[in-house]
Amino acid sequence: MTRLLVLAAATLVFMGAAIATPSLRVNDAVIMGDSKPQQLSEFGFFADSVAQNPVATVQPYTLNAPLFSDYALKRRFAYIPAGQQATIGENGRLIFPVGSALIKHFGYENGDGRAFKLIETRVLLHRADGWVALPYIWDDDGADATLKLAGKRVPVTFTDSAGQVRAISYAVPNMNQCKGCHALNDAIMPIGPKLRNMDDGQQIGAWTARGWLPRDLAAFKTMPDYDDTKFPVDLRARAYLDINCAHCHNRAGPASNSGLFLGYEEQDPVALGIGKRPVAAGRGSGGHDFAIAPGNPDASILFHRMRSTDPGVAMPELSRSLPHTEGLALIRAWIARMDAAGHTDTESTP
């Protein structure tokens, strides 16, 4: 239901984009400058800050497998300057040209099942010297968002997908913490926009129609929505680990020294954690011997750290203060069905 609400919201915003005033334009000079704008509105991404209708040159998009962030609902937008185009990198990663921007809203329903209250907006700007990440917190009146380089804690009460009322201290990351997830080869890079994590029909077609993608795209395998039970458990679990863990746990990421690599394309079972002993057996291991103990999720370090809320143990380290109930159930089912070699009875190749 939560995913459907996000998709519905994105659809409404897309409809808003279709009627955006053509004269409203993104401020390329602000994106490319060396300043840190104090207000989100200075970029010109939205024709209506309250309704959040993007201007005509800003494209809404969704991801098949989104990052879990304490059950926050998200709305995503992209901007590529006129006449420019993204290229395709390893594993379908989109390489955006200088002058591009990625905008992501975080918020929660107000309680009536429809209203969406914005908490923060994170902006990635591709400037001449690389990507810059800026966090903005929405003002109480919802008219604009203000830059908060130091981040902030915001009290939030919401109802999760199981109908349980939750009260949390929501963490808006500081500017430096953004690097903790977005680092690749020691540089900030986008995480979500990859061809495999975007549908291969309407969305990619819309980006291609804008001239943002080459028309001769090579064939690629789409990563499934990890909530969609029509897909095998192993593919859903691998998609979940990819978007929630692999931005750090990859060979060029911040957790490269762990030897645990959780990308969707990973084929080495030991690198994936199956029967793998930790590099350092500290408190985070929970006394367990293997990252993934086939057939035994409760003896698996990966599962132990996913369900923990202890700041010294919990993984991912950022953007989560609550266990993800549905994600834990998926990973539990995946590990429980593994044989000694890490295979499941419905195994498919990513």
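Accessible areas come from the Shrake-Rupley method with a 1.4 Å probe, and for residues only the protein chains shown count as cover. On that basis, the protein chain has an accessible surface of about 15,900 Å², and 54% of this belongs to carbon and sulfur atoms.

This is a predicted model, in which local features need pLDDT of at least 70 and side-chain atom pairs count only at pLDDT 80 or more, while totals for chains, interfaces and linings use all residues. Residues are numbered from 1 along each chain as its sequence is written, and side-chain values use heavy atoms, with hydrogens and water left out.

Begin with the whole chain in cartoon view, where the secondary structure comes to seven helices and 14 strands; helices (H or I, at least four residues) and strands (E, at least two) are DSSP runs numbered from the N terminus. Of the 350 residues, 51% count as buried, a word that means under 20% relative accessible area, with exposed meaning over 50% and partly exposed in between (1.4 Å probe, protein chains only). If contact means heavy atoms within 4.5 Å, then residues 24 or more positions apart account for 56% of the contacts with a separation of 6 or more.

Next, select residues 233-245, helix α5. This helix has 13 residues and reaches 17 Å from its first C-alpha to its last, close to the 18 Å expected at 1.5 Å a residue, the expected span being 1.5 Å times one less than the number of residues. Because 13 of the 13 residues of α5 are buried, the helix is largely enclosed by the rest of the structure.

From α5, move to the second largest cavity by selecting its lining: Phe68, Tyr240, Asn244, Cys245, Met306, Met315, Pro316, Arg320 and His324. On a 1 Å grid over the protein atoms alone, a cavity is a set of points where a 1.4 Å probe fits but cannot get out, and lining residues have an atom within 4 Å of a point. The search of the whole structure finds two cavities of 30 Å³ or more, and the second largest holds about 70 Å³ of space, a volume being the space filled by probe spheres set on the points, which are joined across faces, edges and corners. Helix α5 supplies the largest share of this lining, three residues.

Keep Met315 and Pro316 selected, since both belong to that lining, and inspect the cis peptide bond that joins them, with omega about -10°. Pro316 sits in the loop between α6 (301-307) and α7 (325-336). Most residues other than glycine have a negative phi, and most peptide bonds are trans.

Two further backbone features follow in the loop between β3 (58-61) and β4 (73-79), where Asp70 is placed with a positive phi near 50°. Tyr71 lies in the loop between β3 and β4, and its phi, near 65°, is also positive. Asp70 is buried, with a relative accessible area of 4%, and Tyr71 counts as buried at 10%.

Helix α4 (residues 202-209) is the next selection, with Gln203, Ile204, Ala206, Trp207 and Thr208 as its buried residues. These pack against β3, β4 and β6 (94-95), and just after the helix Gly211 takes a positive phi of about 85°.

Finish at Met175, in the loop between β12 (165-172) and α3 (178-182). Met175 and Leu134 are 41 residues apart in sequence, yet their C-alpha atoms are 6.0 Å apart in space. Beyond its neighbours within four places in sequence, Met175 is in contact with Lys36, Val132, Ala133, Leu134, Pro135 and Leu149.

Conventions
On a 1 Å grid over the protein atoms alone, a cavity is a set of points where a 1.4 Å probe fits but cannot get out, and a pocket is an open set with protein on both sides within 12 Å along at least five of seven lines; lining residues have an atom within 4 Å of a point.
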